[in-house]
Amino acid sequence: MTAVTLSRAASGPVTRGAIDCDIHPGIPGIATLLPYMNEFWRDSFVRRGMDGFDMASYPPGAPIACRADWRPAAGKPGTDLAQLRRQALDGFGTSIAICNPLYGGQVAVSETMGAAICSAINDWIAAEWLDADPRLRASIVVPAQAPHLAVEEIERLAGDRRFVQILLPAAAELLYGKSYYWPIWTAAEKHGLPVGLHAGSMYRYAPTSNGWPSHYLHDYVSQSQTFEDQLLSLLSEGVFLRFPKLRLVLLESGVSWLPGFLWRSVKTWRGVRSEVPWVKRPPAEIIRERVRLTMQPFDVPADDPVAVADIIRQIDADEMLLFATDYPHWQFEGDRAIPPGIPRETLRRILRDNPLATYPRLQESIA
Amino acid sequence: MSKHVVAAVADLPPGSRKLVMVKGRPIAVFNIGGDFFGLMNRCPHQGGDLCAGELTGLVTADRPGEYRMSRPGEIIRCPWHGWEFDVRTGQSWCEPGRIRTKQYPVEVASGDALVKGPYIAETIPVAVEEEYVVVEV
């Protein structure tokens, strides 16, 4: 143990003024989005009776999808604006919170239907959430199934500075390093928007590298493999070199898998780097510079500040971690969004400095 | 420091290398186009036998998907885990500032000069009219 001062279990007051980088307003259903669709899609969804585009990764009724005391009296998790304000914003004293809607448009098999749902969600979030509370910001949801449509959506919304990030599911139809996705990274760089990868999948493939799991336990715990794959893909295909300003945020990744992953990447790179000569620096150095991670969940033993401090020391980058509650997902009890054991100076950065540095657009509204 | 005769130049032509023992140290001696270099024959990673590694060029790129080969025969790749070292400096490619193998000065001297000393040639017979590779340890 080093001589740094570790924070104790932190509660509401500690997070006062913090920037919450991952909250989830719920989409009640397709009916909510119809006013934000064109005539064809309004007609089509109604006539074909299509609804229930909730993500398989977060079934609305599953315990993980909503903490019991955050579950609204009626409707799906996160759908009540007044409740979200009271619990997610007032409850933690949050100054700014970034809305990351998770809904089927981002994973739909139809490119055009996916794009229609994504566009409707973005306009709905802007009109009914961002307009309603100045503390809220949002990610642009895009159909990564069709990179050209994703780019159109980014171009359509980038002028609204309350959109601070591009949101993608952690697993898509291909690994994100493939050149198929490069138009999205080009648009992200052009507009200074970080790309957030959120736990979850398009489920085009089995979510594990060995096949389909039988249980939710397996599916959820194995998510960190997906994040590792995407990081390796972006790294080894040269995306970080090709797009020098691209920033990546891993949302709901669990965080503590990172040190072992970094060590293994560096060790292997030293031996085989000549097959990827565009990876010019040790992978850990590149990842520490370009990748950020939200802090809920943070997978460590309960109430073990020494273990938390060890992980923070091993990650060895004060600027990598971002405060998040993951509201209304059930990751912690009460207001204990910050695990005990984080050095005080690091905690100060996590709560505010790091989010401001990661999302340049946030700085415009607090200056 | 003392100077040790380790080979006749004629026995170590360009592109070749030789493992020698000097004062109990294993040293890999390389001839790159007529220039001679000596490296401690221990990979700083886990002690692999560098002299037994693959002698190759430097692969670099300015953008993804591009492969550029330069400096043929100037990079030695450890046979154990593939770490690359610059034969001219002993520096690793991956972390040149931190990871390197010790370099020993190597020079070429004529047999004529060697006879006058102060060179040590325990195992190499020296002829006045030949040239020799000399390692300083």
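Two residues are in contact if their C-beta atoms, placed from the backbone, lie within 7 Å. Keep that cut-off in mind as you explore this predicted model.

**Exercise 1.** Work out how many residues chain A and chain B each bring to their contact, and which elements of chain A take part.

*Solution.*
Step 1: Count each side. Chain A supplies twelve residues, and chain B supplies 13 residues.
Step 2: Look for elements of chain A that give two or more residues to the side touching chain B. These are α9 (239-242) and α10 (258-272) of chain A.
Step 3: Rank them. α10(A) gives the most, with three residues.
Step 4: Sort that side of chain A by class. You get five nonpolar, three polar and four charged residues.

**Exercise 2.** Describe the make-up of chain B: how many helices and strands does it have, and in which order do they run?

*Solution.*
Step 1: Chain B has one helix and eleven strands.
Step 2: Starting at the N terminus, the order is β-β-β-β-β-β-β-β-β-α-β-β.
Step 3: Of the 137 residues in chain B, 31% are buried.

**Exercise 3.** Find the strand order in the open sheet of three strands in chain B, and say which strands lie at its edges.

*Solution.*
Step 1: The order is β5-β6-β7 (chain B), and the pairing is antiparallel.
Step 2: β5 (54-60) and β7 (84-86) of chain B each pair on one side only, which makes them the edge strands.
Step 3: Zoom in on one pair. β5(B) and β6 (residues 68-77) of chain B are joined by six bridges. In β6(B), S70(B) is the bridge partner of L58(B).
Step 4: Check the twist. On average, neighbouring strands of this sheet are turned by 60 degrees against each other, direction ignored.

Key: Residues are numbered from 1 along each chain as its sequence is written. Chains are lettered from A and ligands numbered from 1 in the order in which they are written. This is a predicted model: local features need pLDDT of at least 70, side-chain atom pairs count only at pLDDT 80 or more; totals for chains, interfaces and linings use all residues. Two strands pair if DSSP finds at least two bridges between them. Helices (H or I, at least four residues) and strands (E, at least two) are DSSP runs, numbered from the N terminus. Axes are lines fitted to C-alpha atoms, for helices over the stretch in contact, and angles run from 0 to 180 degrees between N-to-C directions. Ala, Val, Leu, Ile, Met, Phe, Trp, Tyr, Cys and Pro count as nonpolar, Asp, Glu, Lys and Arg as charged, and the others, Gly among them, as polar. A residue is buried if 20 or more other C-beta atoms lie within 10 Å of its own, exposed if 12 or fewer, and partly exposed in between; C-beta atoms are placed from the backbone.
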